[in-house]
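User: I'm in my first year and still learning to read protein models. Could you take a close look at a single part of this one and walk me through it?

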Amino acid sequence: MTIDTSTSDQPLPAPVEFTYDWYERFLRRLLDAGYTPTDYGESLSAGDVILRHDVDFSPRKALTIGRIEADLGIESTYFVLMNSPLYNVFYKPVRSVLEELQSLGHTIGLHFSTHQYWNGEAPNEAVSERVGAERDALSAAVGEVSGAVSFHRPDEWLFRRSFDGFISTYEERFFTEIDYRGDSNQRWREQHPLAGERPEKLQILTHPGLWGEDDADFETRLYEETDNELERTRRFMHEQFIEKRYNVDEFRYQPER
Ligand SMILES: [Zn+2]
């Protein structure tokens, strides 16, 4: 394995733009530098990169990102919420998105929100129990799920902890031996994900909802996508209850490319 650790002679297109084009160039750069996309396994080798996505609010954008990756031969993990107010994994259009992601070679995992159950720190056993219940439900919707679980908006008490029954994306090794680059709150605008020397092992987190055809800031993207989902819900309610049309397939998500 050889990782090209040079950065100064080959700068990435900068500044970071939250566009599909930029994300695709970013992926190509990772591959060119010698990284091998890999899964959450027991141990990573030098040159391995884990690509992780937390699907907070946009299945449609997750599918778009999933297609871009598949076109480059990259497989990654999509972590989904079971208690989002904006999407439901049992709702057929969402299930179709998750099935397509799986057919592209990606893995579906649980994105778990402790905030739905506790206001502060919870005992490990209680977390494992709730995570187990949600993973069973997710599995009922999509079949096999990832052995890893990502926490939504994690509080610090979750950092460096290990749990029985699943791999936490915030367990010790992801703070020590494996470097972490996440796009939360679009912070890559200030901190370029490939600034400095390139680490030997890498976990990269992106939130598909923050990306689009054109660049937009964090809040614009958030509210734009919330409005989209609410408009879809309004149409769905109208068709089901006023027009008495029940063809759910008409609500299938159209990826943006
Ligand atoms: Zn999240």
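Here is the part I would like to hear about: strand E3, what sits on each side of it, and the helices that come up along the way.

Analyst: Sure, let's start with the strand and work outwards. Keep in mind that this is a predicted model.

Strand E3 covers residues 77-81. How many of its residues are buried? The count is 5 of the 5, so E3 is largely enclosed by the rest of the structure. You can see this on both faces: Thr 77, Phe 79 and Leu 81 are buried on one side, while Tyr 78 and Val 80 are buried on the other.

Now for the strands that pair with it. Strand E2, residues 48-55, runs parallel to E3, and 4 bridges join the two. To find one spot where they meet, look for His 53, whose bridge partner in E3 is Tyr 78. E3 also pairs with E4, again in the parallel sense, this time over 5 bridges. Here Val 80 stands opposite Leu 110 in E4. So Tyr 78 and Val 80, which share a buried face of E3, each turn up in a pairing: Tyr 78 with His 53, and Val 80 with Leu 110. What about E4 itself, residues 107-112? It is largely enclosed by the rest of the structure too, because 6 of its 6 residues are buried.

Next, step off the end of the strand. Met 82 lies in the loop between E3 and helix H3, which spans residues 92-103. Is Met 82 buried or exposed? Neither label fits: it has 18 other C-beta atoms within 10 Å, so it counts as partly exposed; being buried would take 20 or more. Skipping its neighbours within four places in sequence, Met 82 is in contact with Val 89, Leu 110, Glu 134, Ala 137 and Leu 138. You've already met Leu 110, the residue that Val 80 stands opposite in E4. Gly 120 makes a handy landmark as well: it is 38 residues from Met 82 along the chain, and their C-alpha atoms are separated by 20 Å.

Following that loop onward takes you to H3, so let's look at how the helices pack. Two packed helices are described by the angle between their axes and the distance between the axes. For H2 and H3, the angle is about 15 degrees and the axes are 10 Å apart. That makes H2 roughly parallel to H3. Their crossing is left-handed. On the H2 side, the residues that meet H3 are Pro 59, Ala 62, Leu 63 and Gly 66, and on the H3 side they are Val 94, Val 97, Glu 100 and Leu 101. Sorted by class, this contact has 6 nonpolar residues, 1 polar and 1 charged.

H2, residues 59-71, also packs with H1, residues 20-32: their axes come within 10 Å and cross at roughly 35 degrees. This crossing is right-handed. Tyr 20, Tyr 23, Glu 24 and Leu 27 of H1 meet Thr 64, Ile 65, Ile 68 and Glu 69 of H2. That contact comes out as 5 nonpolar, 1 polar and 2 charged residues.

To put the picture together: E3 has E2 as a parallel partner and E4 as another. Past E3 comes the loop that holds Met 82 and leads towards H3, and H3 packs with H2.

Definitions and conventions: Residues numbered from 1 in each chain as written. Predicted model: local features only at pLDDT ≥ 70, side-chain atom pairs only at ≥ 80, totals over all residues. Axes fitted to C-alpha atoms, helices over the stretch in contact; angles between N-to-C directions. Left-handed = near helix turned anticlockwise from the far one by under 90°. Contact = placed C-beta atoms within 7 Å. Nonpolar A, V, L, I, M, F, W, Y, C, P; charged D, E, K, R; others polar. Buried ≥ 20, exposed ≤ 12 C-beta atoms within 10 Å, placed from the backbone. Parallel < 35°, antiparallel > 145°, perpendicular 65-115°, else oblique. Pairing = 2+ DSSP bridges.
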